[in-house]
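Here are some short exercises to work through with the model open beside you. Try each task first, then follow the solution step by step.

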Amino acid sequence: MIPLNFGGGRGAPLTVLCLGAHSDDIEIGCGGTVLRLVTQYPNSVFHWVVFSAVGIREAEAKRGAELFAGGAVRGPLLKSFPDGFLPYVGTEVKNAFEELKAFANPDLILCPWRQDAHQDHRLIAELAWNTFRNHLILEYEIPKYDGDMGRPSVFVPLDATLCQRKIDNLMSAFESQRTKPWFEDCTFRSLLRLRGMECNSSSGYAEAFHCAKLVL
C-alpha cells in the first residue's frame with residue numbers, strides 16, 4: 001500500500017472542519033486522526049462544530065476540543081439542538097450549515113458516516129455533503145449498540161502512544177458518558193486494533209473512514 005499525503009505537501013498547514021452531532025462524536029470517531037494531524041501538520045486550523053451540546057455536555061464538548069486540538073481549534077462552535085431530534089428540526093440545522101460557508105473553506109472535512117444508524121449522525125453527514133460539494137470528506141465511524149459497523153476504505157495508522165492519548169482524553173472529557181456500558185477503553189481500543197489489522201498498520205492500530213469521492 002502506498003500512503004497518500006495532502007495536496008499542499010507534507011507538513012503544510014491544513015484547514016480542517018470537524019463536525020459532530022453530539023459532544024463526543026468527533027473525539028470517538030476521529031480523535032486519533034486529529035491528534036496525528038495536529039502534530040504532522042503544524043499551524044493547521046481545526047474548526048470544531050457540535051450541533052447538540054446542552055448542559056453538562058456543553059462543558060464536555062469544550063473540554064474535548066481542548067484536549068484533542070489544543071491551540072489549533074477555532075471555536076468550538078456549539079449548538080443547542082435537541083439530542084435525538086435533529087432530523088425534526090432539519091430546517092434550523094440546514095441554516096446552521098449555510099452559515100458555516102461564511103467562515104470555513106476546509107481542505108478536509110471530518111463528519112459521521114451517511115449510513116450511521118443514529119438519525120442525528122446521518123443528518124449531519126447528509127448536510128455536510130449537501131453544503132460542501134468540492135471538498136474532501138472523510139466519514140468517521142462510531143461504535144454503538146445498534147451494530148452498524150461498515151466496511152470503511154480509508155485508514156489512518158496511529159502509533160500506540162496516540163491511541164492511548166485518544167482513550168485517556170475520552171475518559172477524561174466525557175465523564176457523563178462513563179455510566180454507559182459501552183463507553184470504556186476496551187471498546188475504543190478494540191476498534192482501533194481491528195482497523196489497524198485491516199490496513200496492516202505497523203503499530204497494529206488505526207482509525208478508519210468512509211470516502212465516497214477522492215481525486216488523485
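**Exercise 1. How are α3 and α4 oriented to each other?**

Solution. Start with the angle: helix α3 (residues 90-100) and helix α4 (residues 119-131) pack at about 45°, and their axes are 10 Å apart. Here axes are lines fitted to C-alpha atoms, for helices over the stretch in contact, and angles run from 0 to 180 degrees between N-to-C directions. Angles under 35 degrees count as roughly parallel, over 145 as roughly antiparallel, 65 to 115 as roughly perpendicular and the rest as oblique. α3 and α4 are therefore oblique to each other. Their crossing is right-handed. On the α3 side, the contact is made by Val93, Lys94, Phe97 and Glu98, and on the α4 side by Leu123, Ile124, Leu127, Ala128, Asn130 and Thr131. Contact means heavy atoms within 4.5 Å.

A word on the source: this is a predicted model, in which local features need pLDDT of at least 70 and side-chain atom pairs count only at pLDDT 80 or more, while totals for chains, interfaces and linings use all residues. Residues are numbered from 1 along each chain as its sequence is written, and side-chain values use heavy atoms, with hydrogens and water left out. Helices (H or I, at least four residues) and strands (E, at least two) are DSSP runs, numbered from the N terminus.

**Exercise 2. Check the span of α4 and find which of its residues are buried.**

Solution. The expected span of a helix is 1.5 Å times one less than its number of residues. For the 13 residues of α4 this gives 18 Å, and the end C-alpha atoms are 18 Å apart, which agrees. Next, look at burial: buried means under 20% relative accessible area, exposed over 50%, partly exposed in between (1.4 Å probe, protein chains only). The buried residues in α4 are Asp120, His121, Leu123, Ile124, Ala125, Leu127, Ala128, Trp129 and Thr131. They pack against several elements, among them β1 (15-22), β4 (108-112) and β5 (136-140).

**Exercise 3. Describe α1: what is its span, where is its kink, and how many of its residues are buried?**

Solution. First the span: helix α1 (residues 25-40) has 16 residues, which should cover 22 Å, and its end C-alpha atoms are indeed 22 Å apart. Then follow the axis, where a kink of about 70° is centred on Gly31. The bend at a residue is the angle between axes fitted to the seven residues ending there and the seven starting there. Finally, 13 of the 16 residues are buried, so α1 is largely enclosed by the rest of the structure.

One residue of α1 to look at is Gly29. Its relative accessible area is 4%, so Gly29 is buried. Glu207 lies 178 residues away from Gly29 in sequence, yet their C-alpha atoms are 7.9 Å apart. Beyond its neighbours within four places in sequence, Gly29 is in contact with Tyr140, Glu141, Glu207 and Phe209.

**Exercise 4. Classify two further helix pairs: α1 with α5, and α5 with α6.**

Solution. Take α1 and helix α5 (residues 160-173): the angle is about 135° and the axes are 9 Å apart. This pair is therefore oblique. Glu27, Ile28, Gly31, Gly32, Leu35 and Arg36 of α1 meet Leu162, Arg165, Lys166, Asn169 and Leu170 of α5.

Now take α5 and α6, which pack at about 150° with axes 10 Å apart. These two helices are therefore roughly antiparallel. Residues at this contact include Cys163 and Ile167 of α5, and Phe188 and Leu192 of α6.

**Exercise 5. Find what is unusual in the backbone at Asn43, Asn200 and Pro76.**

Solution. Begin with the background: most residues other than glycine have a negative phi, and most peptide bonds are trans. Asn43 has a positive phi of about 70° although it is not a glycine. Asn43 sits in the loop between α1 and β2 (45-52), and at 70% relative accessibility it counts as exposed. Asn200 also has a positive phi, of about 55°, and belongs to the loop between α6 (185-198) and β7 (206-210). Last comes the peptide bond from Gly75 to Pro76, which is cis, with omega near 0°. Pro76 is in strand β3 (residues 73-78).

Methods: Left-handed = near helix turned anticlockwise from the far one by under 90°.
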